[in-house]
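Open the model in a viewer and set the display to cartoon, with side chains hidden for now. The stops below go from strand to strand and then out to helices and loops.

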Amino acid sequence: MIKADFHIHTGDDPADTISYTTFELIDRAAELGYGAIAITLHDAQLEGAAYRAYAASRGIVLISGIERTVAGRHVLLLNFSRAAAGVATFDDLARLKRAEPGGLVIAPHPYFPASKSLLGDLERHANLFDAVEYNAMFTPIVNFNVLAARWARRHGKPMVGNGDVHRLEMLGTTYSLVDAAPDAASICSAVKAGRVTVVATPHTLFHAGMLMAKLVASTFSTSGTAQTPRPIRTPGIDLVG
Ligand SMILES: [Zn+2]
Ligand SMILES: [Zn+2]
């Protein structure tokens with residue numbers, strides 16, 4: 001079984017302020033026994049060769065990925081060519097899937113209360129999604145994944161456990177175990193075939209609150225005195241960024 005996370009942001013992200021580099025993320029993933037990860041920057045596909053080689057040296061398959069904004073909604077596109085970065089509409093996504101059947105399309109945080117969550121677009125475009133995310137940000141009491149799990153069950157879609165990692169400490173509480181050979185194509189096809197198990201540990205309310213506070217604070221992290229704060233989005237939005 002390969003321990004995997006398909007939704008990770010790093011310091012290369014053009015949209016979010018993130019304190020760790022892609023190399024540091026890979027090191028942490030190796031410490032935690034991950035065998036496969038996808039770095040899914042907002043609307044940018046990571047230049048992969050050097051990172052892929054470094055990950056391989058640490059025993060990790062780096063799957064190419066992007067968290068693409070499609071018609072205003074977040075969608076994870078894995079194991080596609082760079083054409084994934086040009087997908088702007090759900091029609092584009094359908095065309096990409098037809099052209100590159102080895103790619104994997106995941107619905108991230110579909111029912112989290114955030115402006116870029118898929119919500120009704122998941123149902124409207126159900127056939128475009130291969131898997132649904134079980135997002136690490138939940139507590140025993142507050143868990144928006146319940147709706148996603150219900151939807152996945154009803155449509156016979158597999159779920160994957162993802163960290164949507166924005167801080168290193170967010171890696172490791174929720175992840176996927178995939179029954180596949182250690183290469184990107186095999187891992188993606190195993191997920192589509194449902195050979196994946198979600199391991200999900202809730203945060204305590206206290207820890208979830210701490211993470212939210214840190215994530216909001218990092219929105220204001222200074223890079224000089226003439227700081228231009230970016231608009232605060234609700235914790236929900238940043239957490240599921
Ligand atoms: Zn997102
Ligand atoms: Zn994200």
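Begin by selecting Ala4 and Ala36: Ala36, in β2, is the bridge partner of Ala4. The model is a predicted one. The pair sits where β1 and β2 run parallel, joined over three bridges. Follow the chain from β1 through α1 to β2, and you trace a β-α-β crossover that is right-handed.

**Along β2**

Show the side chains of β2. Ala36 and Ala38 lie on one side, Ile37 and Ile39 on the other, and all four are buried, so that both faces of the strand are covered. In a regular strand, side chains alternate between the two faces of the sheet.

Next select Ala38 together with Ile63, its bridge partner in β3. Here too the pairing is parallel and extends over three bridges, now between β2 and β3. The connection runs from β2 through α2 to β3, and this β-α-β crossover is right-handed.

**The sheet around β1**

Colour five strands in the order β3-β2-β1-β9-β10: they make up an open sheet with mixed pairing. Its edges are β3 (61–63) and β10 (196–200), each of which pairs on one side only. On average, neighbouring strands in this sheet are turned by 30° against each other, direction ignored.

For an antiparallel pair, go to β1 and β9 (residues 174–178), which share three bridges. Select Lys3 and then Leu177 in β9, its bridge partner.

**Helix α1**

Select residues 22–31, which form α1, and pick out the buried ones: Thr22, Leu25, Ile26 and Ala29. Look down the axis of α1: these buried residues fall within an arc of 100°, so they line one face of the helix. Their cover includes β1 (2–8), β2 (36–39) and α2 (49–57). Just after the helix, stop at Gly33, where phi is positive at about 80°.

**The second sheet**

Now colour β4-β5-β6-β7-β8, another open sheet of five strands, given here in its order and with mixed pairing. β4 (65–70) and β8 (159–162) are its edge strands, pairing on one side only. Neighbouring strands of this sheet are turned by 35° against each other on average, direction ignored.

Zoom in on β7 (residues 131–135), which runs parallel to β8 and is joined to it by four bridges. Select Asn135 and you will find Asn162 of β8 opposite. Then add α6 (residues 184–192), which packs on the sheet and touches β5 (73–78), β6 (104–107), β7 and β8. The direction of α6 makes about 50° with that of β6.

**The core**

Which residues have the most contacts inside the largest nonpolar core? They are Ala36, Ile37, Leu78 and Ile187, in a core of 63 residues. The helix α6 gives the most to this core, with five residues. In soluble globular proteins, nonpolar side chains tend to be buried together.

Centre the view on Leu78. Neighbours within four places in sequence aside, its contacts are Phe6, Ala38, Ile63, Ser64, Gly65, Gly103, Leu104, Ile106 and Cys188.

**Helix α5**

Select residues 145–155 for α5, whose buried residues are Asn145, Ala148, Trp151 and Ala152. The arc they cover around the axis is only 120°, which puts them on the same side of α5. Among the elements that cover them are α4, β7 and β8. Turn to the other side of α5 to see Val146, Arg150, Arg153 and Arg154, which are exposed. Gly156 follows the helix, with a positive phi near 65°.

**Two loop residues**

Most residues other than glycine have a negative phi. The last two stops depart from that.

Select Asp43 in the loop between β2 and α2. Its phi is positive, about 55°, although Asp43 is not a glycine. Asp43 counts as partly exposed because it has 16 C-beta neighbours inside 10 Å.

Finish at His109, in the loop between β6 and α4 (120–124). His109 is not a glycine either, yet has a positive phi of about 35°. Is His109 buried or exposed? With 29 C-beta neighbours inside 10 Å, His109 counts as buried.

Note on methods
Residues are numbered from 1 along each chain as its sequence is written. Chains are lettered from A and ligands numbered from 1 in the order in which they are written. This is a predicted model: local features need pLDDT of at least 70, side-chain atom pairs count only at pLDDT 80 or more; totals for chains, interfaces and linings use all residues. Two strands pair if DSSP finds at least two bridges between them. Helices (H or I, at least four residues) and strands (E, at least two) are DSSP runs, numbered from the N terminus. Axes are lines fitted to C-alpha atoms, for helices over the stretch in contact, and angles run from 0 to 180 degrees between N-to-C directions. Two residues are in contact if their C-beta atoms, placed from the backbone, lie within 7 Å. A residue is buried if 20 or more other C-beta atoms lie within 10 Å of its own, exposed if 12 or fewer, and partly exposed in between; C-beta atoms are placed from the backbone. The arc is that of the directions from the helix axis to the C-beta atoms. A crossover is right-handed if, with the strands pointing away from the viewer, the path from the first strand over the helix to the second runs clockwise. A nonpolar core is a set of buried Ala, Val, Leu, Ile, Met, Phe, Trp, Tyr and Cys residues joined through C-beta atoms within 7 Å.
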